[in-house]
Amino acid sequence: MASNEDYIRECIELAKKGAGYVSPNPLVGCVIIKDGEKVSEGYHHAFGSPHAEADAINKYKGDLTGATLYVNLEPCPHFGKTPPCADLIIEKQIKRVVLGTTDPNPLVAGKGIQKLAAAGIEVVVGILEKECGELNKFFFKYQEERLPYVTLKIAQTLDGKIADPSYGSRWITNEKSRKVVHTLRSEYDAVLVGMNTVKVDNPMLDARLVNGRIPKKIILDKNFESDINSNVFESGETILITANKNEAKEESLKSKGHKVIYLELNSEGEFPFPELLKKIGEYNIISVLVEGGSGVFSSFVRSGSFDELIIITAPKILGSGIPAIENIGVNKIEESLLLKPVEVKEMDGDIFARYIK
């Protein structure tokens, strides 16, 4: 017989189907059990579409009186893009609701549970809470801090080089690794690179290898040096962040549907990262995948403005070349930044490693 954990795990897998499409909403899946049998399931498909609970409830045309509803996140009690899920659950006389974690959104934050309990519905909270939190780490951070979740993604050789001395970097990792990166791009709201990466690599920063959603692209370009005919401006939406005005380039980019944000540099000649991330968050971008280059990686690490680090290492030794991360203001091993490894796997010879702060 399936347990609460089994059904919440199923909710998590259903929720993942909405990855890249529901932001800035959370990933949510739902399973409904009646008389010991699963009668319906659903998930949040896209921003503005019915929530997971409504998707599952509306698929079932029979009577749900006495049923148990499983969901990885607390049902909403308020009107937003869609009606309150808590009200629909009450209306259908569902007897029991089992959920993974509460919702940090101030509009929900326990209010959904209270509404259900006040209607006489049994509510069980905290099933696979850690896993449910990990699923919605982007959403949780944005709700709690109004800042996007930032992941640094580095593709490097065994000796920590991201390019040869002439900045040639295609391809360090293998095709399987590149597909994994494209999947990541499709799941994050935005991909961020520095102006030098645009200039040297002329990347598209899309998800074409997995036919995924094109993320927004963010370019850090202090002096507005980017060529407006670069590939990053050819598809999707690009946000160029600069400290130097160039009205002609700005008008050209805006005419193509892109944005330009002006931000003053700090006393070290760097973008002030707390202010930078706050500005990005104002555009409802709740997750950012940083893809380089070395100067950008170093700035994020030096300022501590990241949540997660992904390193994909190819079994190659280059010797001389461009290091992934340069000076971060640390001169002693005891002062080095210590991260926690949370995932390591082999991908056709490349090694994928994920760390959190």
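Which residues do ring pairs link into a cluster? They are Phe 138, Tyr 149 and Tyr 188. Keep in mind that this model is predicted. With that said, here is a walk through its aromatic contacts.

Searching the whole structure turns up 5 aromatic pairs. Start with Tyr 7 and Tyr 70. Their ring centres are 4.7 Å apart, and their planes meet at 40°. That angle makes the pair tilted, because stacked needs under 30 degrees and edge-to-face needs over 60. Now place the two rings on the chain. Tyr 7 belongs to helix α1, residues 4-15. Tyr 70 belongs to strand β3, residues 68-73. The partners are 63 residues apart, so the contact links distant parts of the chain. Are these two tyrosines buried or exposed? Both Tyr 7 and Tyr 70 are buried.

Move on to Phe 273 and Phe 300. This aromatic pair is edge-to-face. The centres lie 4.5 Å apart, with 65° between the planes. Here helix meets helix: Phe 273 is in α10, residues 273-281, and Phe 300 is in α11, residues 294-303. A separation of 27 residues again links distant parts of the chain. Phe 273 is buried. Phe 300 is buried too.

Rings also take charged neighbours. Which residue lies over the face of Trp 171? Arg 178 does, at 4.5 Å from the ring centre. Phe 306 has a charged partner as well. Lys 357 lies over the face of Phe 306, at 5.1 Å from the ring centre.

Terms used. Residues numbered from 1 in each chain as written. Predicted model: local features only at pLDDT ≥ 70, side-chain atom pairs only at ≥ 80, totals over all residues. Heavy atoms only, no water. Phe/Tyr/Trp six-rings, centres within 6.5 Å; stacked < 30°, edge-to-face > 60°. Helix = DSSP H or I, 4+ residues; strand = E, 2+ residues; numbered from the N terminus. Buried < 20%, exposed > 50% of the residue type's maximum accessible area, 1.4 Å probe, protein only. Lys NZ or Arg CZ within 6 Å of the ring centre and 35° of its normal.
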